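User: Please examine the model shown below. I would like short, reasoned answers about its side-chain contacts and its sheets.

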Amino acid sequence: MYCSELGEQWHAARVEPEIGHLDSASAGRSSSAVISELHRHLVREAEIGSYVAADERADDLHAGRRALGSLIGHLPEEISFRDSATAALRGLLNGMTLPMSPTVWVAKNEFGPNLTEFERRDFAVRTMPDADVYGHVDVDSLENMLQFEQPDFIHVCHLGSASGLVQPVAKIVEVAHAAGVPVVVDMAQSVGHVPTVTGADVVYGTSRKWLTGPRGVGFLAVRADSRVPVEVESSESFIAGQLALSTAVAEFLALGQQHGYRELAVVGRMTRERLHGIGSWEVMEPIDEPSALVTLAPPPGWRPADVLAARDRLREIGLLVTAADSWRAPLAGEQSLLRVSPHLDVRREQLDQLANAIRTMGY
């Protein structure tokens, strides 16, 4: 039994999975309509030629940009496409005009590969203060810091890869802009998951996670009045993927995006309540954090290899989750976590199965 009518609707739009898919933070399950759109355009390219087929769908492509823009708070002409969120960040950093040894401020949930991109370019990285033990940015302290010092820009992972906490991005943007500092937001884990109209100067993300679009499509959106330049996207853009993403966005909007956000928050709370304390595993987010990405710290004494073994064992019994190693959020610590990220069509019996399985693994 699915947890809501919306979950039933979400599930009915997709093929029946062969596994309990609790891993939307890696890649969500695309709907049958998304898959059909992807296949249909590839066939059309073979029939009449790739460039002609793209011209034929020009209006649909623009409509898709407009719909995506409505989710992230940007105009269609401000959006360009890459093959991933990482490629979008690289394109942005390569196009930015910055002083020697620029400074960027980040939160403790910053994605490890993003930090690598900053380090490769000799950025000085500084961590913003925490408001609590979970790692939410302390916006009041940030505002005070900005009165005395300003980085070249602030970079925020709206949601990280190894934590379900939701950063207060809109408030960060407000205080940063008051100090004349631009804000760049990594929305790889947040678009289609939590509200993403934040007022940020630049946002980027990917199609394949909570929006459940195809793999191979990332996006970058730069506000027209921003001081941040952006390179023109490649003429070899994955047009079939963009059209399939447009279908995924349209489906999400048709469900009612606010309804979707609320239901995903319910899914996250239900998951945390079911799993917290089971077999000495500890949920790492507040129970009522408004996201469906849930991380579990293993019992005391467990090594990273033990968490990997737990993931593999769960896969063997039909549950797909991720072992979130410390490289995903190195500023947050060295602990490996079990990441559970169910979507709208999670069933309570799947969470019961997961709880029973990890109970037997606990010491």
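**Contacts and sheets in a predicted model**

User: Is Glu285 buried or exposed in this predicted model?

Analyst: Glu285 has a relative accessible area of 3%. Buried means under 20%, so Glu285 is classed as buried.

User: Where does Glu285 lie with respect to the strands?

Analyst: Glu285 does not stand alone in its surroundings: among the residues it touches are Tyr134, Ser163 and Leu293. As for its place in the chain, Glu285 belongs to the loop between β9 (282-283) and β10 (294-297).

User: With which side chain does the side chain of Glu285 make a polar contact?

Analyst: A polar atom of the Glu285 side chain lies 3.0 Å from the backbone nitrogen of Gly164, but that partner is a backbone atom. The side chain to side chain contact, at 3.3 Å, is with Arg272.

User: What is the order of strands in the sheet of four, and which strands stand at its edges?

Analyst: The four strands form an open, antiparallel sheet in the order β9-β10-β13-β12. Each edge strand has a single partner, so one of its sides is left without a neighbour in the sheet. The edge strands are β9 and β12.

User: Which residue of β13 stands opposite Ala323?

Analyst: β12 and β13 run antiparallel and are joined by three bridges. Opposite Ala323, in β13, stands Leu338.

User: What angle does helix α10 make with β10?

Analyst: Helix α10 (residues 257-275) packs on this sheet and touches β9, β10 and β13. Its direction and that of β10 make an angle of about 15°.

User: Which strands are at the edges of the sheet of seven?

Analyst: The seven strands form an open sheet of mixed pairing, ordered β2-β8-β7-β6-β5-β3-β4. An edge strand pairs on one side only. The strands of that kind are β2 (79-82) and β4 (124-127).

User: By what angle are neighbouring strands of the sheet of seven turned against each other on average?

Analyst: The pairing in this sheet is mixed, and the average is taken with direction ignored. On that basis the turn between neighbouring strands is 20°.

User: What is the bridge partner of Trp105 in β4?

Analyst: β3 and β4 pair in the parallel sense, over four bridges. In β4, Trp105 has as its bridge partner Arg126.

User: What angle does helix α5 make with β7?

Analyst: Helix α5 (residues 85-95) packs on the sheet of seven. The strands it touches include β2, β6 (183-186) and β7 (202-206). The angle between its direction and that of β7 is about 150°.

User: How many aromatic pairs are there, and why is the pair of Phe111 and Trp327 tilted?

Analyst: The count comes to six aromatic pairs. The ring centres of Phe111 and Trp327 are 6.1 Å apart, with the planes at 50°. Planes under 30 degrees apart count as stacked and over 60 as edge-to-face, so this pair is tilted.

User: How many residues apart in sequence are the parts that Phe111 and Trp327 tie together?

Analyst: Phe111 lies in the loop between β3 (103-106) and α6 (112-120), and Trp327 in the loop between β12 (322-324) and β13 (337-340). Phe111 is buried at 18% relative accessible area, whereas Trp327 is partly exposed at 45%. The separation in sequence of the parts they join is 216 residues.

User: Which residues form a cluster with Phe118?

Analyst: Phe118 and Phe123 are both buried. Their rings are stacked, 5.6 Å centre to centre and with 10° between the planes. Through ring pairs, Phe118 is linked into a cluster with Phe123 and Phe153.

Notes:
Residues are numbered from 1 along each chain as its sequence is written. This is a predicted model: local features need pLDDT of at least 70, side-chain atom pairs count only at pLDDT 80 or more; totals for chains, interfaces and linings use all residues. Side-chain values use heavy atoms; hydrogens and water are left out. Rings of Phe, Tyr and Trp (its six-membered ring) pair if their centres lie within 6.5 Å; planes under 30 degrees apart count as stacked, over 60 as edge-to-face and the rest as tilted. Helices (H or I, at least four residues) and strands (E, at least two) are DSSP runs, numbered from the N terminus. Buried means under 20% relative accessible area, exposed over 50%, partly exposed in between (1.4 Å probe, protein chains only). Two strands pair if DSSP finds at least two bridges between them. Axes are lines fitted to C-alpha atoms, for helices over the stretch in contact, and angles run from 0 to 180 degrees between N-to-C directions. Contact means heavy atoms within 4.5 Å. A polar contact is a pair of N or O atoms within 3.5 Å; within protein, one must be able to donate a hydrogen and the other to accept it, and residues adjacent in sequence count only if both atoms are side-chain atoms. Lists of a residue's contacts leave out its neighbours within four places in sequence.
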